[in-house]
Amino acid sequence: MTSIKERKETRNETERTYLDCTLGDGTAIVEASFFANVPVKAGQVYAFKNMIAKVVREHIQIHKGRFGRVEENDTEVRDVNTKVDISAKSYVLDNGDGKE
């Protein structure tokens with residue numbers, strides 16, 4: 001986990017707090033968004049299991065679904081490859097009608 005930023009959002013008159021995070025390892029970095037009750041800290045190494053990759057505002061973002069798990073891990077990550085940013089590329093969803 002390379003960085004965490006807290007974000008508040010109101011939907012249907014209910015305020016929720018989210019954690020916008022950057023995840024990274026030796027291969028690449030990617031953006032993620034979790035509910036604030038997910039216990040994560042910047043600089044800690046985690047194993048993310050059964051996560052969901054979504055296209056949000058044309059960019060890949062990782063989410064923890066119902067069955068997703070975040071577990072602390074003792075693996076050492078020496079260098080995070082910030083040169084490859086999976087979330088930086090713009091993706092346009094194809095709705096199957098042949099048009100973008």
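In what order do the elements of the protein chain run from the N terminus on? The order is β-β-β-β-β-β-β. The model is predicted. Its secondary structure comes to zero helices and seven strands. The C-alpha atoms fill a box of roughly 45 × 35 × 25 Å along the principal axes. The chain has 100 residues, and 25% of these count as buried. About 7,500 Å² of the chain is exposed. Carbon and sulfur atoms supply 46% of that area. Among contacts with a separation of 6 or more, 48% come from residues 24 or more positions apart.

The largest nonpolar core was examined next. Twelve residues make up this core: Met1, Leu19, Cys21, Leu23, Val30, Ala32, Phe34, Val38, Val40, Tyr46, Ile60 and Ile62. Strands β2, β3 and β6 each supply at least two residues of the core. Phe34, one of the core residues, has a list of contacts beyond its neighbours within four places in sequence. That list includes the core members Leu19, Cys21 and Ile62. Phe34 is also in contact with Thr17, Tyr18, Phe48, Met51, His63 and Lys64.

The pockets were then considered in order of size. The largest pocket has a volume of about 550 Å³. Its lining holds 24 residues, and those closest to the centre are Arg7, Tyr18, Ser33, Gln61 and His63. Tyr18 and His63 also appear among the contacts of Phe34. Two or more lining residues come from each of β1 (3–11), β2 (14–24), β3 (29–35), β5 (52–56) and β6. Strand β3 gives the most, with five residues. By class, the lining of the largest pocket divides into nine nonpolar, seven polar and eight charged residues.

The second largest pocket holds about 300 Å³ of space. It is lined by 17 residues, of which Met1, Leu23, Gly24, Asp25 and Phe48 are the closest to its centre. Met1 and Leu23 also belong to the largest nonpolar core. Phe48 is a contact of Phe34. At least two lining residues come from each of β2, β3 and β4 (46–49). The lining of this second pocket comprises eleven nonpolar residues, five polar and one charged.

Gly24, one of the residues closest to the centre of the second largest pocket, lies in strand β2. With neighbours within four places in sequence left aside, Gly24 is in contact with Thr2, Ile29 and Val80. Gly24 and the core residue Ile62 are 38 residues apart along the chain. Their C-alpha atoms are separated by 12 Å.

Several loop positions were inspected in turn. Asn50 lies in the loop between β4 and β5. Asn50 counts as exposed because its relative accessibility is 51%, and the cut-off for exposed is over 50%. Apart from residues up to four places away in sequence, Asn50 touches Phe67, Gly68 and Arg69. Asn50 and Met1 stand 49 residues apart along the chain, with 17 Å between their C-alpha atoms.

The loop between β5 and β6 holds Arg57 and also Glu58. Most residues other than glycine have a negative phi. Arg57 has a positive phi of about 50° although it is not a glycine. Glu58, likewise not a glycine, has a positive phi of about 70°. How exposed is Arg57? Arg57 counts as exposed, at 69% relative accessibility. Glu58 has a relative accessibility of 40%, so it counts as partly exposed.

Gly65 lies in the loop between β6 (59–63) and β7 (69–72). Is Gly65 buried or exposed? Gly65 is buried, because its relative accessible area of 17% falls under the 20% cut-off. Gly65 and Lys54 are eleven residues apart in sequence. The distance between them is 11 Å, C-alpha to C-alpha.

Notes. Residues numbered from 1 in each chain as written. Predicted model: local features only at pLDDT ≥ 70, side-chain atom pairs only at ≥ 80, totals over all residues. Heavy atoms only, no water. Helix = DSSP H or I, 4+ residues; strand = E, 2+ residues; numbered from the N terminus. Buried < 20%, exposed > 50% of the residue type's maximum accessible area, 1.4 Å probe, protein only. 1 Å grid on protein atoms, 1.4 Å probe; cavity = no way out; pocket = protein on both sides within 12 Å on 5 of 7 lines; lining within 4 Å. Points joined across faces, edges and corners; volume = space filled by probe spheres on them. Nonpolar A, V, L, I, M, F, W, Y, C, P; charged D, E, K, R; others polar. Contact = heavy atoms within 4.5 Å. Areas by Shrake-Rupley, 256 points an atom, 1.4 Å probe, with all protein chains shown as cover. Core = buried A, V, L, I, M, F, W, Y, C linked by side-chain atoms within 4.5 Å.
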